[in-house]
Each structure stands twice: as structure tokens, then as C-alpha cells.
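The following exercises are to be worked through with the sequence and the coordinates at hand. Each task is followed by a solution in steps.

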Amino acid sequence: SGLEFCTNFNNRPLTLFRRCDEEADSEAQTNYEDWKKYRRIPHLLLTVRLKDIETCLPDMWKAAACAASIQTCDTETHSSLMCKDECLTLMQECSINDDYTPEEICEILSPSNLQERCTPLTEFTSPSNYTTDDVSLLTSPCQSSPCTSGLKCIVNEACYDTDHSCVPYSCIEDCDLGKSPPLSVSKVSNVHVTTLPKAGAHCFGFVNRSTSGDCGYGMQNDDLYNEYCENVDQCSYNGRNYAHGEVFNLSDHCNFCVCQYGK
């Protein structure tokens with residue numbers, strides 16, 4: 001939010017950006033004005049000469065300048081490249097290069113082997129469908145405590161950017177497990193819990209809250225299943241004892257060892 005030149009990039013809570021700030025916004029405007037004034041785009045490998053971009057697909061060029069500065073990216077590829085088909089459209093319609101074909105230019109600007117998860121400029125040629133009020137609902141849907149008493153709010157991770165009808169949270173019945181403070185868990189979930197320790201061991205088990213009675217603090221031994229214990233005995237080495245998990249030097253003073261489960 002708060003971008004004054006790249007306004008179409010505002011209110012996009014489900015899109016990732018590397019730089020969404022005043023500096024990137026100003027840089028995008030400077031680049032766009034330079035492209036328009038000098039009718040060329042400098043690049044390390046070539047210079048792209050242009051027609052008047054104020055009349056030739058101006059919205060696409062503005063989106064390209066903003067995408068290059070703000071740098072939209074993807075969680076898997078971390079790519080900020082424009083898509084090849086849109087690059088071809090821009091070059092075919094607005095470039096006047098005699099030395100390079102649009103295909104050759106776009107192979108440099110947007111290589112074919114790096115097209116996975118490219119940035120579609122057409123998504124940023126118009127304002128976002130989300131409003132400022134939508135942003136907090138989508139990024140922190142449970143912050144306003146929308147569920148009634150006795151129900152736990154969880155984020156609906158199945159919602160995605162293009163499905164505006166998707167409710168971004170769910171209300172489920174919950175239980176308080178334990179004390180000081182109690183842990184709020186879903187009543188229909190299996191919960192990994194720590195049980196009372198036994199001699200030389202830490203013990204754990206699972207509780208299914210849908211079958212273990214009411215949602216009170218109490219928990220009976222009969223509620224547990226798949227209980228298991230981990231030996232946490234001390235280790236003895238070279239006349240000294242070391243606690244479970246402790247790291248110590250061996251006698252050669254070159255190597256380290258870790259005490260694990262008494263060994």
C-alpha cells in the first residue's frame with residue numbers, strides 16, 4: 001500500500017514483492033519517464049529502441065517499469081521476469097529495432113528456459129480487486145475474533161488469490177488441554193502431549209480430543225495412546241558425566257561429541 005506511481009500494485013495481500021516501498025515506487029516512475037523521454041531501454045547486452053510509449057501500450061509499459069523495480073516474485077522460483085508472450089507483444093507493437101527481431105530481444109529480456117512462474121503484466125494494468133478493508137481480513141483473518149464463544153478460529157489455507165468468494169477462516173470446536181496456561185486445540189485433532197516423566201526418561205503420548213470426553217482441563221491416563229519414552233540418562237566419558245543433549249570435547253581436543261539418550 002502507499003504506492004503513488006505504481007498504484008495498481010497496491011492492495012495485493014496475496015502477491016509477494018521484494019521491494020514494496022517509496023524508493024521502489026520512485027525508481028519505477030523515473031525509469032518509465034526515461035523510457036518515454038529517450039525512447040530506449042538500456043540493457044547490458046543491447047539497447048531496445050522504442051516508439052512513443054505514451055501512445056503505444058502505456059499501461060503495459062508502466063506495469064513493466066513497476067514490476068522491474070518492485071519485483072514481484074514467486075515462492076518456488078523467486079523469479080521477477082515478465083512473461084515471454086507479453087514481452088513479444090510489447091516488442092512487436094512498440095519497438096523499432098533493426099538489429100534484433102522481437103523474438104531475439106525477448107530471448108534476452110525473458111529467456112524461454114526461465115518462464116516458469118513469470119510475472120504477468122496484464123494483472124497489473126488495472127487496480128486490485130481487493131480494497132484496503134480486505135487486506136487485514138486476508139492476512140490476519142482471525143485477528144478480529146470472528147467466531148462465537150467456544151469456537152476456535154483457524155486460517156482457511158485453501159483460499160487463493162482469484163477466489164474472492166472464499167471465506168478466509170473457519171470456526172471449529174476447541175478444547176483447553178492442560179493448565180498454566182491451557183493449550184487451545186481442535187476437538188477433532190490428535191494432540192502430541194508430554195506426560196509425567198519416568199525415571200531417566202521423558203515420556204510423550206497422543207490424545208484424541210474427539211473421543212476423550214468433555215473439553216475440560218482433566219485428562220485421564222485412559223485418554224492416552226501410543227505413549228513412548230526417550231531415555232535421557234547422563235553419559236560418562238573420561239571420568240566425567242554429561243547431561244543428555246550436552247556437547248563436549250573429546251580427549252583429542254579436535255572433535256566434539258553429543259550425549260544422546262545415555263550414549
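The model is a predicted one.

**Exercise 1. Classify C147 as buried or exposed, then identify its bonding partner and describe the link.**

Step 1. The relative accessibility of C147 is 14%, and because buried means under 20%, this cysteine counts as buried.

Step 2. The sulfur atoms of C147 and C171 are 2.0 Å apart, and the two residues form a disulfide.

Step 3. The torsion about this S-S bond is about -85°, so the link of C147 and C171 is left-handed.

Step 4. C147 belongs to the loop between α5 and β5, while C171 belongs to strand β6 (residues 169-177); the disulfide therefore ties together parts that are 24 residues apart in sequence.

Step 5. C171 has a relative accessible area of 35% and is partly exposed.

**Exercise 2. Describe the disulfide of C142 and C153, and state where each cysteine lies.**

Step 1. The S to S distance between C142 and C153 is 2.0 Å.

Step 2. The value about the S-S bond is -80°, and the link of C142 and C153 is left-handed.

Step 3. C142 is in the loop between α5 (132-139) and β5 (151-155), and C153 is in strand β5, so the bond ties together parts 11 residues apart in sequence.

Step 4. C142, at 23% relative accessible area, is partly exposed, whereas C153, at 18% relative accessibility, counts as buried.

**Exercise 3. Determine the handedness of the disulfide between C235 and C259, and the burial of both cysteines.**

Step 1. C235 and C259 are joined by a disulfide with an S to S distance of 2.0 Å.

Step 2. The torsion about the S-S bond is about 80°, so the disulfide of C235 and C259 is right-handed.

Step 3. The pair links distant parts of the chain, with C235 in strand β11 (residues 235-237) and C259 in the segment after β14 (256-258), 24 residues apart.

Step 4. C235 counts as buried at 5% relative accessibility, and C259 counts as buried at 0%.

**Exercise 4. Explain why C20 is not bonded to C6.**

Step 1. The closest cysteine sulfur to that of C20 is in C6, at 8.9 Å.

Step 2. A disulfide requires sulfur atoms within 2.5 Å, so the distance between C20 and C6 is too far for a bond.

Step 3. C20 has a relative accessible area of 37% and is partly exposed.

**Exercise 5. Describe the aromatic pair of F5 and Y32, and the charge placed over the ring of F5.**

Step 1. The structure holds six aromatic pairs. In one of them, F5 and Y32 are tilted, with 5.9 Å centre to centre and 45° between the planes.

Step 2. This pair links distant parts of the chain: F5 is in the segment before β1 (16-17) and Y32 is in helix α1 (residues 22-38), 27 residues apart.

Step 3. Both F5 and Y32 are buried.

Step 4. The charged end of K62 sits over the ring of F5, 4.7 Å from the ring centre.

**Exercise 6. Locate N97 and describe its surroundings.**

Step 1. N97 is in the loop between α3 (84-94) and α4 (102-109).

Step 2. At 13% relative accessibility, N97 counts as buried.

Step 3. Apart from neighbours within four places in sequence, N97 is in contact with T47, V48, R49 and I105.

Step 4. A polar atom of the N97 side chain lies 3.2 Å from the backbone oxygen of R49.

How values were computed: Residues numbered from 1 in each chain as written. Predicted model: local features only at pLDDT ≥ 70, side-chain atom pairs only at ≥ 80, totals over all residues. Heavy atoms only, no water. Helix = DSSP H or I, 4+ residues; strand = E, 2+ residues; numbered from the N terminus. Buried < 20%, exposed > 50% of the residue type's maximum accessible area, 1.4 Å probe, protein only. Polar contact = N/O pair within 3.5 Å; in protein donor to acceptor, adjacent residues only side chain to side chain. Contact = heavy atoms within 4.5 Å. Phe/Tyr/Trp six-rings, centres within 6.5 Å; stacked < 30°, edge-to-face > 60°. Lys NZ or Arg CZ within 6 Å of the ring centre and 35° of its normal.
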